[in-house]
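Please open the structure in your viewer and keep the selection tool at hand. The tour below proceeds by selections, each followed by a description of what is found there.

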Amino acid sequence: MRLKAMMAGDHSAYHCGSAAVFSTLRHLLEVDHDIVEAGDFDVLYVNGEGSMHHDSGQFTKKMELLKTAIENGKRAYLVNSVWQENGHQYDDVLARLSGITVRELASQEELSARHGITATMALDLSYYAPIDEDASHQDWRGQVMITDFYARDFGFWYRVNSGPLTTRSYVDMRDYGWSAFVRSLRTCRAIITGRHHAVYAACVARKPFVTIAGSTHKVSGLIAASGFPIPTLSSPRDANETLRWTMANRAMFQEFFHWMDEVPRWRP
């Protein structure tokens, strides 16, 4: 008997990485579930993505959805999630979930240490989004690309407008579909980024990256799970120097990509 599933946590409008996540989640669920947009359902799947940290508004909204589902006798899952520095107000909800899947080691360890919860680790669902090989794309001709970066002290994303990084070619993930972004990345030399999903796109494209820490431990936690000594910088200031290390260690990045391929996939 096919279950009726409700999906929540659609951040597709944010950028192409989030769109790839939610479309992949839907595709996986549709194998054994009938997706309903409203009304009664049997099971709730909440895409945590990058919002489940520091008791954010989205964290509260999603935990309330899970709580309500459980109180109404439904099965409920938190999937594809970060978890960082949240309070204990929803510990009873966490304990009653049918499953929790996080995307990296740091979130898994924090759920265990602070909340007594055993979570499964699987890669972000964008990694498994199909690539349309006919999607239009740009030829970046072996350039080093950059995205925007997160200012931790101020809580916003910014584009570098001074210093040596301004000589790099800027790319905005909001201007691309996932397939176009990945196909374009295949033509570059490397990418310097503060974006979690830009790191994932680089991995799909098999291109090395320099990563700068964002609002959570989602990238550093992924690298920690792999065991490879790929640095996560605290700011873009050291990005060009780290790029030299990155290009000298391209073979390590290929091993890292192979490790990602071997991580067990999340299955509903």
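Begin by selecting Leu44, which stands opposite Ala76 in S4. The model on display is a predicted one. Keep Leu44 in view and add Met6, whose bridge partner in S3 is Leu44.

**The strands around S3**

Widen the selection to strand S3 (43-49). Strand S1 (residues 3-8) is joined to S3 by 4 bridges, and the two run parallel. S3 is also joined to S4, here by 6 bridges, again with the strands running parallel.

Are the residues of S3 buried or exposed? Of its 7 residues, 7 are buried. Colour the two faces separately: Val43, Tyr45, Asn47 and Glu49 lie on one side, Leu44, Val46 and Gly48 lie on the other, and all of these are buried. This division follows a general pattern, for side chains in a regular strand alternate between the two faces of the sheet.

**Helix H2**

Next, select helix H2 (residues 57-71), which has 15 residues. From first C-alpha to last, H2 reaches 21 Å, close to the 21 Å expected at 1.5 Å a residue. Together, S3, H2 and S4 make a right-handed β-α-β unit.

Within H2, highlight Phe59, Lys62, Met63, Leu66, Ala69 and Ile70, which are buried. These residues cover an arc of only 120 degrees around the axis, so they sit on the same side of H2. The buried residues of H2 pack against S3, strand S4 (75-81) and helix H3 (91-96). Rotate the view to the other side of H2, where Gly57, Lys61 and Glu71 are exposed. Just after H2, select Gly73, which takes a positive phi of about 80 degrees.

**The largest nonpolar core**

Now move to the largest nonpolar core, which has 40 residues. Select Trp178, Phe181, Ile191, Phe209, Phe256 and Met260, the residues with the most contacts inside this core. Two or more residues each come from helix H1 (16-30), helix H5 (178-185), helix H6 (196-205), helix H7 (218-226) and helix H9 (250-262). Which element gives the most to this core? It is H6, with 8 residues. A second, separate core of 25 residues includes Met6, Val46, Trp83 and Val93.

**Helix H9**

Select H9, a helix of 13 residues that reaches 19 Å from its first C-alpha to its last, close to the 18 Å expected at 1.5 Å a residue. Its buried residues are Met252, Phe253, Phe256, Phe257, Trp259 and Met260. Seen down the axis of H9, the buried residues fall within an arc of 155 degrees, and therefore line one face of the helix. On the other side of H9, Ala251 and Glu262 are exposed.

Show the surroundings of H9: its buried residues pack against strand S6 (120-121), H6, strand S12 (209-212), H7 and helix H8 (239-248). Then centre on Phe256 alone; apart from neighbours within four places in sequence, Phe256 is in contact with Cys203, Phe209, Leu222, Ile223, Ser226, Phe228 and Ile230.

**The five-stranded sheet**

Finally, display the open sheet of 5 strands in the order S10-S7-S11-S12-S13, with parallel pairing. The edge strands, each pairing on one side only, are strand S10 (169-170) and strand S13 (232-233). Inspect strand S11 (residues 190-193), which is joined to S12 by 3 bridges and runs parallel to that strand. End the tour at Thr193, which stands opposite Thr211 in S12.

Conventions. Residues are numbered from 1 along each chain as its sequence is written. This is a predicted model: local features need pLDDT of at least 70, side-chain atom pairs count only at pLDDT 80 or more; totals for chains, interfaces and linings use all residues. Side-chain values use heavy atoms; hydrogens and water are left out. A nonpolar core is a set of buried Ala, Val, Leu, Ile, Met, Phe, Trp, Tyr and Cys residues joined through side-chain atoms within 4.5 Å. Buried means under 20% relative accessible area, exposed over 50%, partly exposed in between (1.4 Å probe, protein chains only). Contact means heavy atoms within 4.5 Å. The expected span of a helix is 1.5 Å times one less than its number of residues. The arc is that of the directions from the helix axis to the C-beta atoms. Two strands pair if DSSP finds at least two bridges between them. A crossover is right-handed if, with the strands pointing away from the viewer, the path from the first strand over the helix to the second runs clockwise.
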